[in-house]
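The following paragraphs guide the reader through a molecular structure. Please look first at the sequence and the model shown below.

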Amino acid sequence: MEVFCIALHFLFAQSSLGILDGMVNSDVSAVKFRLEEEKEKRLLLENDMEILMLKVANLTRTVEKFAPGSTSAFTTAPSIAFMAYRKTILTNLGVNQKLIFDKVATNEGNGYSAVTGIFTVPVQGTYFFTWTTAHAKGYTFSDTALVTGLVVNGEYNVHAWLGVEIGFNMAGNSAVFRLNASDAVWIGVAKGHGVYSNAAEGWFYPTFSGYLIHI
Ligand SMILES: *[C@@H]1O[C@H](CO)[C@@H](O)[C@H](O)[C@H]1NC(C)=O
Ligand SMILES: *[C@@H]1O[C@H](CO)[C@@H](O)[C@H](O)[C@H]1NC(C)=O
């Protein structure tokens with residue numbers, strides 16, 4: 001009886017070992033499978049991380065460009081800005097004559113000529129322009145309104161009407177143009193004979209300014 005029991009026990013142990021073996025084997029392959037899965041996920045994450053690092057590097061470069069003291073953000077767009085004015089009265093003007101703003105306050109990029117009154121576009125870009133004329137009653141040219149226009153390559157665009165009905169007044173206008181290099185911009189007379197400025201008092205009214213907004 002006892003021998004039989006032991007034998008039975010042994011058989012039973014053998015078969016449960018077999019079951020255990022099977023269980024261990026399937027656990028191992030499950031773990032292997034999970035490992036493969038994790039490996040794939042890690043590769044995807046590494047790939048995402050690499051893209052992120054590139055983006056961070058790009059952003060860092062951009063931020064550094066605009067850091068205080070940095071000039072690199074502006075190296076592609078040159079500084080172009082001018083402002084000229086007149087200290088003295090202009091008289092005997094005629095239609096199509098250029099107004100000469102002979103005192104140059106600013107001429108970055110050297111586009112403006114105080115001799116000709118012409119701004120020659122140094123580089124293609126979008127430019128802002130503004131100008132002002134003045135009238136004072138009692139001067140020789142006060143017989144008629146002064147109309148001036150912003151002229152681009154000989155073509156009159158926006159205008160400014162300066163009436164002569166009241167003692168003193170001013171008129172001006174502004175414009176934004178997309179221009180090519182070598183284009184010529186000036187303030188031309190469409191009607192009228194004179195522009196006022198006050199050299200005696202040191203009060204100067206007529207101005208012509210412009211600058212490059214972007215290339
Ligand atoms: C980083 O910048 C370069 C050049 O500007 C660009 O070609 C690249 O696509 C950018 N990379 C990322 C991840 O944004
Ligand atoms: C600038 O050049 C382009 C191409 O030649 C032309 O189409 C355009 O009219 C020019 N712009 C001006 C303001 O002359």
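In this predicted model, the surroundings of ligand 2 offer a convenient starting point. The residues around ligand 2 are N153, R178, N180 and D183. Taken alone, ligand 2 exposes 360 Å², and 31% of that is buried by the protein. By character, the shell around ligand 2 divides into 2 polar residues, 2 charged residues and no nonpolar ones. N180 also makes a contact through its side chain: an N or O atom there is 2.3 Å from an oxygen atom of ligand 2.

The next feature to follow is a sheet. An open sheet is formed by 4 strands, whose order is 3-8-5-6 and whose pairing is antiparallel. Strand 3 (119-120) and strand 6 (155-162) each have a single partner strand and stand at the edges, so one side of each is left without a neighbour in the sheet. Strand 3 is joined to strand 8 (residues 184-191) by 2 bridges, and these two strands run antiparallel. Within this pairing, F119 has V185 of strand 8 as its bridge partner.

Both F119 and V185 appear again in the interior. The largest nonpolar core has 27 residues, and F119 and V185 are among those with the most contacts inside it, together with L99, Y127, F129, L150 and F208. Two or more residues are given to this core by each of strand 1 (81-85), strand 4 (125-136), strand 5 (146-152), strand 6, strand 7 (168-179), strand 8 and strand 9 (207-214). As a general matter, nonpolar side chains tend to be buried together in soluble globular proteins.

Methods: Residues are numbered from 1 along each chain as its sequence is written. Chains are lettered from A and ligands numbered from 1 in the order in which they are written. This is a predicted model: local features need pLDDT of at least 70, side-chain atom pairs count only at pLDDT 80 or more; totals for chains, interfaces and linings use all residues. Side-chain values use heavy atoms; hydrogens and water are left out. Two strands pair if DSSP finds at least two bridges between them. A nonpolar core is a set of buried Ala, Val, Leu, Ile, Met, Phe, Trp, Tyr and Cys residues joined through side-chain atoms within 4.5 Å. Buried means under 20% relative accessible area, exposed over 50%, partly exposed in between (1.4 Å probe, protein chains only). A residue is near a molecule or strand if one of its heavy atoms lies within 4 Å of it. A polar contact is a pair of N or O atoms within 3.5 Å; within protein, one must be able to donate a hydrogen and the other to accept it, and residues adjacent in sequence count only if both atoms are side-chain atoms. Accessible areas come from the Shrake-Rupley method with a 1.4 Å probe; for residues, only the protein chains shown count as cover. Ala, Val, Leu, Ile, Met, Phe, Trp, Tyr, Cys and Pro count as nonpolar, Asp, Glu, Lys and Arg as charged, and the others, Gly among them, as polar.
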